[in-house]
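Trainee: I have a model open and would like to learn how to read it feature by feature. Could you walk me through it?

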Amino acid sequence: MIELFTHAGELVVDPFVGSGTTLVAARDTNRNAVGFDLQSGYIELCNARLANGDLLNMSKQIPIQDDTRNICEYFKEETISLIWTSPPYANLLNRQRKNKSRRNRNTAQLNKVEQYSQDERDLGTMSLDDYTLAMGDIFESILPLLKPKAHCVINVPDMWWENERITIHISLVEELRRRGYELRNIIIWDRTNIVNKIGIFGWPSNYITMGVTFEYLLDFWRPPK
Ligand SMILES: C[S@@+](CC[C@H](N)C(=O)[O-])C[C@H]1O[C@@H](n2cnc3c(N)ncnc32)[C@H](O)[C@@H]1O
């Protein structure tokens, strides 16, 4: 995505940077990049992954510990060439593990909630409706920071909840359109290989994570003026 939508030296921003994969990819492709995360642990992980800097590379990558709702305080209008992110997925991970996908269900994870955090600012704690509005507010505030025709690519799966398909990607497409973005493309990221690497049906520990073998790359842009 970075190579597809930006030139060397341009600015890439990840509003939900997590372990910093975007920053590492930006360094490897000589792009400047800034990433936001609520949690100090992730910012430390980003810094550790960036520690072996590339001396021949003049670009900078900076992880910032802040609520991404404050993103406007960090950038001037029309300076960002690409938003690329893998955001939280509403509160769909925020439930007790039943270990249904495990051969041996009685592990230390049984009945534990394995969520990124319980911080109320974390979009991963919200119902799908609140989450969609919060994403809309955040991306509406980002829109003026993007250069016209700059892309904004969001990576999400859909999920199952109580035997119902939760189409996160449709909620996000509709909400971002309402907020002024134009959908350009939807790319299906086939992750079957990754799932298969876990083993035949995940043997001996896991089957397929989240019941999906692919994710969406929702490719929007800021419409031309
Ligand atoms: C799916 S993870 C990102 C994964 C990332 N692509 C990686 O390579 O690790 C989502 C991240 O969003 C962060 N997050 C959730 N709500 C946030 C908010 N309001 N502001 C900043 N970060 C937030 C979480 O702490 C979590 O690390």
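Trainee: Let me start with one residue: is H151 buried or exposed?

Mentor: The general idea is to count neighbours: a residue is buried if 20 or more other C-beta atoms, placed from the backbone, lie within 10 Å of its own, exposed if 12 or fewer, and partly exposed in between. H151 has 21 other C-beta atoms within 10 Å, so H151 is buried. Residues are numbered from 1 along each chain as its sequence is written. Please keep in mind that this is a predicted model, where local features need pLDDT of at least 70, side-chain atom pairs count only at pLDDT 80 or more, and totals for chains, interfaces and linings use all residues.

Trainee: Where does H151 lie, and which residues does H151 touch?

Mentor: Helices (H or I, at least four residues) and strands (E, at least two) are DSSP runs, numbered from the N terminus. H151 belongs to strand β5, residues 146–156. Contact means that the C-beta atoms of two residues, placed from the backbone, lie within 7 Å. Leaving out residues up to four places away in sequence, H151 touches F5, L82, D219, F220 and W221. There is also a C-alpha separation of 8.9 Å between H151 and T6, which are 145 residues apart along the chain.

Trainee: What does β5 pair with?

Mentor: Two strands pair if DSSP finds at least two bridges between them. β4 and β5 run parallel and are joined by five bridges, with I83 opposite C152 in β5. β4 also pairs with β1, in the parallel sense, over two bridges; there V12 stands opposite L82 in β4.

Trainee: How many residues of β4 are buried?

Mentor: Six of the six are, so β4 is largely enclosed by the rest of the structure.

Trainee: Now helices. Which residues of α2 are buried?

Mentor: In α2, residues 21–28, they are T22, L23, A26 and R27. To see how they are arranged, use an arc, taken from the directions from the helix axis to the C-beta atoms. In α2 the buried residues cover an arc of only 135 degrees, which puts them on the same side of the helix. They pack against several elements, including α1 (2–5), β1 (11–14), α3 (40–50) and β4 (80–85). After α2 comes N30, with a positive phi near 65 degrees.

Trainee: And which residues of α5 are buried?

Mentor: In α5, residues 168–178, the buried ones are I168, S171, L172 and L176. Their arc is 115 degrees seen down the axis, so they line one face of the helix. Among the elements covering them are α4 (128–142), β5 and β9 (214–221). Just after α5, G180 has a positive phi of about 105 degrees.

Trainee: Which value of phi does A90 have, and what about K149?

Mentor: A90 has a positive phi near 50 degrees, in a residue other than glycine. A90 sits in the loop between β4 and α4 and counts as buried, with 25 C-beta neighbours inside 10 Å. K149, another residue other than glycine, has a positive phi near 70 degrees. K149 is in strand β5 and is partly exposed, with 14 other C-beta atoms within 10 Å.

Trainee: Which residues surround the ligand most closely?

Mentor: A residue is near a molecule if its C-beta atom, placed from the backbone, lies within 6 Å of it. There are 21 residues surrounding the ligand, and the closest are F16, G18, S19, T21 and S86. For classes, Ala, Val, Leu, Ile, Met, Phe, Trp, Tyr, Cys and Pro count as nonpolar, Asp, Glu, Lys and Arg as charged, and the others, Gly among them, as polar. This shell has eight nonpolar, eight polar and five charged residues.

Trainee: Last, where does pLDDT stay under 50?

Mentor: pLDDT is the predictor's confidence in each residue, from 0 to 100. Residues 199–203 stay under 50, and the model has four contacts for them beyond four places in sequence. Residues 205–209 are also below 50, with 12 contacts beyond near neighbours in sequence. Where pLDDT is low, the predicted coordinates should not be read in detail. The protein chain averages a pLDDT of 86, and 80% of the residues score at least 70.
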